[in-house]
Structure formats: C-alpha cells, structure tokens
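Here are my notes on this model, as promised. Have a look at the structure first, then see whether you read it the way I do.

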Amino acid sequence: RAKAYGVDMKFQKRGFILEAEFRSGDNWKGGTIGGKASASILGKTLIIPNVTVRGIYGTVVYRIQTNHPTLKFVEPGLKIESFDPNTGLNNDGTAYYTGYMGFYFFGENIRLQLNAVVEKPQDSAKNKITTFVAQWTVRY
C-alpha cells in the first residue's frame with residue numbers, strides 16, 4: 001500500500017491570505033515481483049522502484065477592494081513551490097515561482113487570473129522555463 005501524509009494551513013486577516021502545505025509519501029504499488037513494486041500497463045508489466053515523493057508550497061495574497069462598479073477586487077499574489085519526485089536521487093526536483101494578479105468582476109463569482117510561472121529544475125543542465133497563463137473562473 002502507498003503511504004502519504006501532509007499538513008496544511010491557511011491564515012486570513014484584513015485582506016491578507018497566507019497558505020502553506022507540506023506533503024510526502026511513497027509511490028503507488030500495483031503489485032510486487034521479486035519484492036519490487038510493479039504495475040501492468042497495456043499488458044506489459046513494469047517494475048516500479050519504491051520512491052518517496054515530497055512537496056511544499058507557500059502562497060501569499062493580498063485582496064484589495066475597489067470602488068469600481070464592475071471590478072470589485074484586485075488580488076496580487078506570489079506562490080513558491082518545490083517538488084521532489086524521488087528523494088533518493090539528486091537533482092530531480094523542481095522549484096516553481098508564480099506571480100499572479102487576480103481580478104474579480106461583479107462580486108466573487110467571475111474571476112480573471114493572470115500568472116507568470118517560472119519553472120526551475122534542480123538539474124543545472126536543464127533550462128529554466130517561463131510560462132504565462134490566463135484563466136477565467138465562473139462560479140454559479
């Protein structure tokens with residue numbers, strides 16, 4: 001059986017929102033062959049080494065209420081995240097740095113969020129990747 005654990009927290013006061021989470025666990029085991037984890041995919045059996053994954057992130061956001069009739073809130077934020085898919089190996093983890101701006105229209109149900117995500121692998125031979133993302137959220 002796979003094992004996992006984690007802890008998270010959220011603090012909110014006067015427009016500030018702070019969130020953090022830590023998680024860790026071992027990989028899913030579909031079965032064993034010779035004491036090693038295995039899984040069957042498309043009729044082929046794959047041997048899966050037992051690895052421990054680990055991740056952590058922190059987010060800080062500040063919500064600003066506006067006096068505009070359409071734009072109700074502006075929400076700048078920053079998220080820092082680190083993920084290691086195998087704690088037994090060196091240089092296989094990745095850090096993510098996300099700066100974003102959220103815009104709430106007509107209350108809290110319509111939101112536009114613009115992100116700039118920098119993905120920085122631990123392995124110095126791999127290049128840093130920057131991605132720009134725009135997303136709409138409509139709740140009803």
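1. Met9 sits in strand E1. Keep in mind that this is a predicted model. The relative accessible area of Met9 comes out at 44%, so the residue counts as partly exposed, since that class runs between the 20% and 50% cut-offs.

2. Met9 also belongs to a nonpolar surface patch of about 840 Å². Its partners there are Phe11, Phe16, Leu18, Val60, Tyr62, Ile64, Leu78, Ile80 and Tyr97. Strand E1 (4–13) supplies at least two residues of the patch, and E2, E6 and E8 each do so too.

3. Now for the largest pocket, with a volume of about 210 Å³. The residues lining the pocket are Lys10, Ile17, Glu19, Tyr57, Thr59, Val61, Glu75, Lys79, Thr98, Tyr100, Gln113 and Asn115. Strands E2 (16–26), E6 (52–62), E8 (71–84), E9 (94–105) and E10 (110–121) are the elements giving two or more residues to this lining.

4. Which strand gives the most to that lining? That would be E6, with three residues. As for chemistry, the lining splits into four nonpolar, four polar and four charged residues, which is worth a glance if you plan to look at the pocket in detail.

5. On the overall fold, you'll find 11 strands and zero helices, so the element string from the N terminus is just β-β-β-β-β-β-β-β-β-β-β. The protein has 140 residues, and 26% of them count as buried.

Notes
Residues are numbered from 1 along each chain as its sequence is written. This is a predicted model: local features need pLDDT of at least 70, side-chain atom pairs count only at pLDDT 80 or more; totals for chains, interfaces and linings use all residues. Side-chain values use heavy atoms; hydrogens and water are left out. On a 1 Å grid over the protein atoms alone, a cavity is a set of points where a 1.4 Å probe fits but cannot get out, and a pocket is an open set with protein on both sides within 12 Å along at least five of seven lines; lining residues have an atom within 4 Å of a point. Grid points are joined across faces, edges and corners, and a volume is the space filled by probe spheres set on the points. Helices (H or I, at least four residues) and strands (E, at least two) are DSSP runs, numbered from the N terminus. Ala, Val, Leu, Ile, Met, Phe, Trp, Tyr, Cys and Pro count as nonpolar, Asp, Glu, Lys and Arg as charged, and the others, Gly among them, as polar. Patches are made of residues with over 30% relative accessible area and no salt bridge: like charges are joined within 9 Å, nonpolar side chains (Val, Leu, Ile, Met, Phe, Trp, Tyr) within 5 Å. Accessible areas come from the Shrake-Rupley method with a 1.4 Å probe; for residues, only the protein chains shown count as cover. A salt bridge is a side-chain nitrogen of Lys or Arg within 4 Å of a carboxyl oxygen of Asp or Glu. Buried means under 20% relative accessible area, exposed over 50%, partly exposed in between (1.4 Å probe, protein chains only).
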